[in-house]
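Thanks for coming. I will go through one structure today, starting with its aromatic residues and moving on to charges and the core.

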Amino acid sequence: RARNRVEALEILSRIPATRRSVAVLSAMGSSFYGLDMFDSASVYFHRALDVDSDNVDLIFKAGTSVLAAEDGAGAILLLVAALQRDPNHAGAMKYLALAYMEVGQFEKAKEMYQRLLRVKPDDPDAEAIRARIEGR
């Protein structure tokens with residue numbers, strides 16, 4: 001089964017990205033993300049961004065997949081870009097706090113956590129993020 005997915009990844013990676021393919025590329029990225037194949041997910045989200053570079057949802061998904069692949073610095077670049085396009089994107093704030101923690105920037109993580117609480121005080125993950133920041 002995994003071999004079929006890898007073959008599909010190789011075949012689809014040769015298809016030129018077009019506006020119509022953005023949804024397909026994003027869906028493939030989400031599928032690979034769901035399989036914990038974060039590097040593959042990132043490839044698809046980035047291919048979709050090649051076509052639709054201002055799509056906040058794609059930037060966010062690329063950022064979360066890069067973070068899940070343990071590239072905190074790369075995730076920060078993408079998630080900051082998502083927040084530049086949508087300053088109230090609670091998901092980007094949440095994952096940006098986690099990315100800052102991953103690279104050891106705990107003050108920035110705390111600032112992003114506080115910003116998340118201002119935008120979405122009832123976020124279900126806020127307490128877990130606070131605990132991680134305090135526990136380092």
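F32 is buried, with a relative accessible area of 3%. By buried I mean under 20% relative accessible area, by exposed over 50%, and by partly exposed anything in between, with a 1.4 Å probe and protein chains only. Before going on: this is a predicted model, so local features need pLDDT of at least 70 and side-chain atom pairs count only at pLDDT 80 or more, while totals for chains, interfaces and linings use all residues. Residues are numbered from 1 along each chain as its sequence is written, and side-chain values use heavy atoms, with hydrogens and water left out.

Back to the rings. The structure holds 3 aromatic pairs. Rings of Phe, Tyr and Trp (its six-membered ring) count as a pair if their centres lie within 6.5 Å; planes under 30 degrees apart are called stacked, over 60 edge-to-face, and the rest tilted. F32 pairs with Y44, and the two are stacked, at 5.6 Å centre to centre with 10° between the planes. F32 lies in helix α2 (residues 21-34) and Y44 in helix α3 (residues 38-51), so this pair ties together parts that are 12 residues apart in sequence. Helices here are DSSP runs of H or I, at least four residues, and strands are runs of E, at least two, numbered from the N terminus. Y44 is also buried, at a relative accessible area of 1%.

Another of the pairs is Y33 with F38, which is edge-to-face: 5.0 Å between the centres and 65° between the planes. Y33 is partly exposed, with a relative accessible area of 28%, whereas F38 is buried at 18%.

Now to α3 as a whole. How many of its 14 residues are buried? The count is 10, and the helix is mostly covered. The buried residues include F38 and Y44, which we have just met, and also R47. On length, α3 reaches 20 Å from its first C-alpha to its last, close to the 20 Å expected at 1.5 Å a residue. The expected span is 1.5 Å times one less than the number of residues.

Next, the charges. Side chains of opposite charge can pair when their charged atoms come close. The cut-off used is a side-chain nitrogen of Lys or Arg within 4 Å of a carboxyl oxygen of Asp or Glu. The structure holds 7 salt bridges by that rule; I will show three.

In one of them, the side chains of R85 and D54 meet at 3.1 Å, N to O. R85 lies in helix α5 (residues 72-85) and D54 in the loop between α3 and α4 (56-68), so the pair ties together parts that are 31 residues apart in sequence. R85 is partly exposed, at a relative accessible area of 38%, and D54 counts as exposed at 53%.

K94 and D125 form another, with the closest N and O atoms 2.9 Å apart. Here K94 sits in helix α6 (residues 90-102) and D125 in the loop between α7 and α8 (126-135), so parts 31 residues apart in sequence are tied together. Is K94 buried or exposed? K94 is buried, with a relative accessible area of 12%, while D125 is partly exposed at 35%. Both belong to a network of salt bridges that links K94, K120, D123 and D125.

The remaining example is E127 with R130, 2.0 Å from N to O. These two are 3 residues apart in helix α8, and are therefore separated by about one helical turn. E127 is partly exposed at 46%, and R130 is partly exposed at 25%.

Last, the core. In soluble globular proteins, nonpolar side chains tend to be buried together. A nonpolar core here is a set of buried Ala, Val, Leu, Ile, Met, Phe, Trp, Tyr and Cys residues joined through side-chain atoms within 4.5 Å. The largest one has 40 residues, and those with the most contacts inside it are L96, M112 and I129. Each of α2, α3, α4, α5, α6, α7 and α8 supplies at least two residues of this core. Which helix gives the most? That is α6, with 9 residues.

I129 touches K94, A97, L98, M101, Y113 and L116, leaving aside residues up to four places away in sequence. Contact means heavy atoms within 4.5 Å. So K94, listed there, is also the residue that forms a salt bridge with D125.
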